[in-house]
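Morning, everyone. I'll put the sequence and the model up, and then we'll walk through the sheet, the helix beside it and the cores.

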Amino acid sequence: MTSTTDSTDTTRIALMCVRNAGRSQMATAFAEREREARGLEDRVEILTGGTDPADAVHDGVLEAMADAGFDLSDRAPREITATELRSCDYVATMGCSTLDVGTVGEDVDVRDWALEDPGGKGPDRVREIRDEVERRVTALFDELEAE
């Protein structure tokens, strides 16, 4: 990343899955925290969404994130569009390797993080998935800062 604040230097990251009700919501919260902690608010834009959004964020995810100091109760799953994905520098899918992200173009770095869906899992497993999501997001921001 360059050190100027010109809007052309903005890095766009999409964190997505099919339902946008678990992993991608956790990843977005951690990404927002990393962006703020690293002073990158003017250089990193974070998008989240799903190709077939659920009606609400999973209860277990809300609880696990509350345990980690995040209130996601006001978050709602949303659809992410192909146009949004094509505008990104990075697209991280949460373990939906069969997820069709369409033709996003060669300039988009698409990664499948291969994370287990926390929906319907017990609290301990949801916390384990949450912690892995946090590790992946932190590593992505470390990578962005190294550029």
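Before I point at any strands, one definition: two strands count as paired if DSSP finds at least two bridges between them. With that in mind, take T11, whose bridge partner in strand 2 is V44. Strands 1 and 2 run parallel and are joined by seven bridges.

Oh, and this is a predicted model, so let me do the confidence part now. Mean pLDDT for the chain is 90, with 90% of the residues at 70 or more. The bit to be wary of is residues 1-7, where pLDDT is below 50; that stretch has 11 contacts in the model beyond near neighbours in sequence.

Okay, back to the strands. Strand 1 also pairs with strand 3, again parallel, through four bridges. A14, for instance, has V91 as its bridge partner in strand 3. Then strand 3 goes on to strand 4, residues 109-112, parallel once more and with four bridges. V91 turns up here too: its bridge partner in strand 4 is V110.

So how buried are these strands? Six of the seven residues of strand 2 are buried, so strand 2 is largely enclosed by the rest of the structure. In strand 3, Y90 and A92 point one way, V91 and T93 point the other way, and all of them are buried.

Now helix 1, residues 23-37. Quick sanity check on its geometry: at 1.5 Å a residue, its 15 residues should span 21 Å, and the end C-alpha atoms are 21 Å apart, which agrees. Right after the helix comes G39, with a positive phi near 65 degrees.

What surrounds helix 1? Its buried residues pack against strand 1, strand 2, helix 2 and helix 4. In fact 11 of its 15 residues are buried, so this helix is largely enclosed too. The buried set starts with a run from R23 through S24, Q25, M26, A27, T28, A29 and F30 to A31, and it also has E34 and R35.

Let me stay on F30 for a second. How many aromatic pairs do we get? The count comes to one. The partners are F30 and F70, with ring centres 5.1 Å apart and planes at 80 degrees; over 60 counts as edge-to-face, so that's what this pair is. The two are 40 residues apart, with F30 in helix 1 and F70 in the loop between helix 2 and helix 3, so the pair links distant parts of the chain. The cut-off for buried is under 20% relative accessible area. F30, at 1%, is therefore buried, and F70 is buried as well, at 15%.

Last topic, the cores. The largest nonpolar core has 28 residues, and L15, W113 and F141 have the most contacts inside it. Strand 1, helix 1, strand 2, helix 2, strand 3 and helix 4 each give two or more residues to this core. Helix 4 provides the largest share, six residues.

If you want one residue to click on, try L15. Leaving out residues up to four places away in sequence, L15 touches quite a list, including A27 and A31, I46 and L47, A92, and W113.

There's also a second, separate core of nine residues, with M16, L85, V91 and V108 among them. And that's V91 again, the bridge partner of A14.

That's my tour; over to you.

Note on methods:
Residues are numbered from 1 along each chain as its sequence is written. This is a predicted model: local features need pLDDT of at least 70, side-chain atom pairs count only at pLDDT 80 or more; totals for chains, interfaces and linings use all residues. Side-chain values use heavy atoms; hydrogens and water are left out. Rings of Phe, Tyr and Trp (its six-membered ring) pair if their centres lie within 6.5 Å; planes under 30 degrees apart count as stacked, over 60 as edge-to-face and the rest as tilted. Buried means under 20% relative accessible area, exposed over 50%, partly exposed in between (1.4 Å probe, protein chains only). The expected span of a helix is 1.5 Å times one less than its number of residues. Contact means heavy atoms within 4.5 Å. A nonpolar core is a set of buried Ala, Val, Leu, Ile, Met, Phe, Trp, Tyr and Cys residues joined through side-chain atoms within 4.5 Å. pLDDT is the predictor's confidence in each residue, from 0 to 100.
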